[in-house]
Amino acid sequence: MIDQPKETKAVWERTRELGRQLDEVNGRLETLEGQNLADRIQELSLIVKKLTDKPKSDAPAVWNWSTFNPQQQANAWDVLMQWVEGTFRVRWPRSYKEMLGYTERNSSCWWQHPDMVESLTSLMWSHHWAFLDKEASPLRVAEWLGRWLPDAVRQGKFILEECKNDFSRDGGNGHKHDPFENKKISDDHRQLGQYLHMLRTGEVPS
């Protein structure tokens, strides 16, 4: 048997090595094709887009009343009162009366208590989370009805407890110079409307 030249052997060895490497590449390609890379790349691009897109609204996720200027306060009051009177009072009238102090009297100073306003604001947004959010669910509704609503009513009754005690002694509602004394709910709303007008315009009602 004639020995092959060293150069020929080297070519054969190199050819076999390249063939082995090509088999490995083919195997890797088959593995990658089975992982649906195109779909994964598209999914990743959507995630990156969501992370880099500017939010459609600059509105804060949580209201901070203490940072609102008078116009922002007036706008926030409009939203809050629309929910309180249009949703809370209509759908849960007993909770409305108990929380805001209308169970045993026809006048309330609830809107003059910042902690009450904060509680109502929280109740409004948790209601939105439970009923109107795009991920709203029966479990969220059940949690709102069983947890957040009763807790807000409890907070409201606690906040007005001192005013209620004063009311029982002197006929007032806990505020020394309260314009709501012995008046109806509609008068409360009228006074609140004057307050909102003052926030918007800076004009003190006569």
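## Lys97 and helix H4

Lys97 sits in helix H4 of this predicted model. With a relative accessibility of 39%, Lys97 counts as partly exposed, because that value falls between the 20% limit for buried and the 50% limit for exposed. Once neighbours within four places in sequence are set aside, Lys97 is in contact with Tyr102 and Thr103. Gly156 is 59 residues away from Lys97 along the chain, and the C-alpha atoms of the two are separated by 10.0 Å.

Which residues of helix H4 are buried? Across residues 93-100, they are Ser95, Tyr96, Met99 and Leu100. Looking down the axis of H4, you will find these buried residues within an arc of 110°, so they line one face of the helix. The general geometry helps here: an α-helix has 3.6 residues a turn, so residues three or four places apart point the same way. After H4 comes Gly101, with a positive phi near 90°.

## Met99 and the nonpolar core

Met99, one of the buried residues of H4, is worth a closer look. Leaving out residues up to four places away in sequence, Met99 touches Phe88, Met116, Ser119, Leu120 and Leu123, and also Ala152, Val153, Gly156, Lys157 and Leu160.

Met99 also belongs to the largest nonpolar core, a set of 35 residues. Which members of this core touch the most other members? They are Trp77, Phe88, Met99, Leu100, Trp110 and Leu120. Two or more residues each come from helix H3 (70-91), H4, H5, H6 and helix H8 (185-201). The most generous contributor is H3, which gives eight residues to this core.

## Three residues of helix H5

Helix H5 spans residues 114-131, and Ser126 has its place there. Is Ser126 buried or exposed? Its relative accessible area is 13%, so Ser126 is buried, the cut-off being under 20%. Beyond neighbours within four places in sequence, Ser126 is in contact with Trp144 and Trp148. With Trp144 there is a polar contact as well, side chain to side chain, at 3.1 Å.

Thr121 lies in H5 too, and a relative accessible area of 4% makes this residue buried. Which residues is Thr121 in contact with, apart from neighbours within four places in sequence? The partners are Trp63, Trp65 and Leu80.

His128 is another residue of H5. Here the relative accessibility is 33%, so His128 counts as partly exposed. From His128 to Val141 the C-alpha distance is 9.8 Å, with the two residues 13 apart in sequence.

## The overall fold

Stepping back, how many helices and strands does the protein have? There are eight helices and zero strands, and from the N terminus on the elements run α-α-α-α-α-α-α-α.

Of the 206 residues, 27% count as buried. The protein exposes about 14900 Å², of which carbon and sulfur atoms supply 55%. Among contacts between residues at least 6 apart in sequence, 62% join residues at least 24 apart.

## Where to trust the coordinates

The average pLDDT of the protein is 78, and 66% of the residues score at least 70. Which elements have the lowest and the highest mean pLDDT? Helix H2 (residues 37-52) has the lowest, at 58, while helix H6 (residues 138-159) has the highest, at 96.

Two stretches call for care. Over residues 168-174 the pLDDT stays under 50, and the model has 16 contacts for them beyond four places in sequence. Residues 176-183 likewise have a pLDDT below 50, with 19 contacts in the model beyond near neighbours in sequence. Where pLDDT is low, the predicted coordinates should not be read in detail.

How values were computed:
Residues numbered from 1 in each chain as written. Predicted model: local features only at pLDDT ≥ 70, side-chain atom pairs only at ≥ 80, totals over all residues. Heavy atoms only, no water. Helix = DSSP H or I, 4+ residues; strand = E, 2+ residues; numbered from the N terminus. Buried < 20%, exposed > 50% of the residue type's maximum accessible area, 1.4 Å probe, protein only. Polar contact = N/O pair within 3.5 Å; in protein donor to acceptor, adjacent residues only side chain to side chain. Contact = heavy atoms within 4.5 Å. Arc of directions from axis to C-beta. pLDDT = per-residue confidence, 0-100. Core = buried A, V, L, I, M, F, W, Y, C linked by side-chain atoms within 4.5 Å. Areas by Shrake-Rupley, 256 points an atom, 1.4 Å probe, with all protein chains shown as cover.
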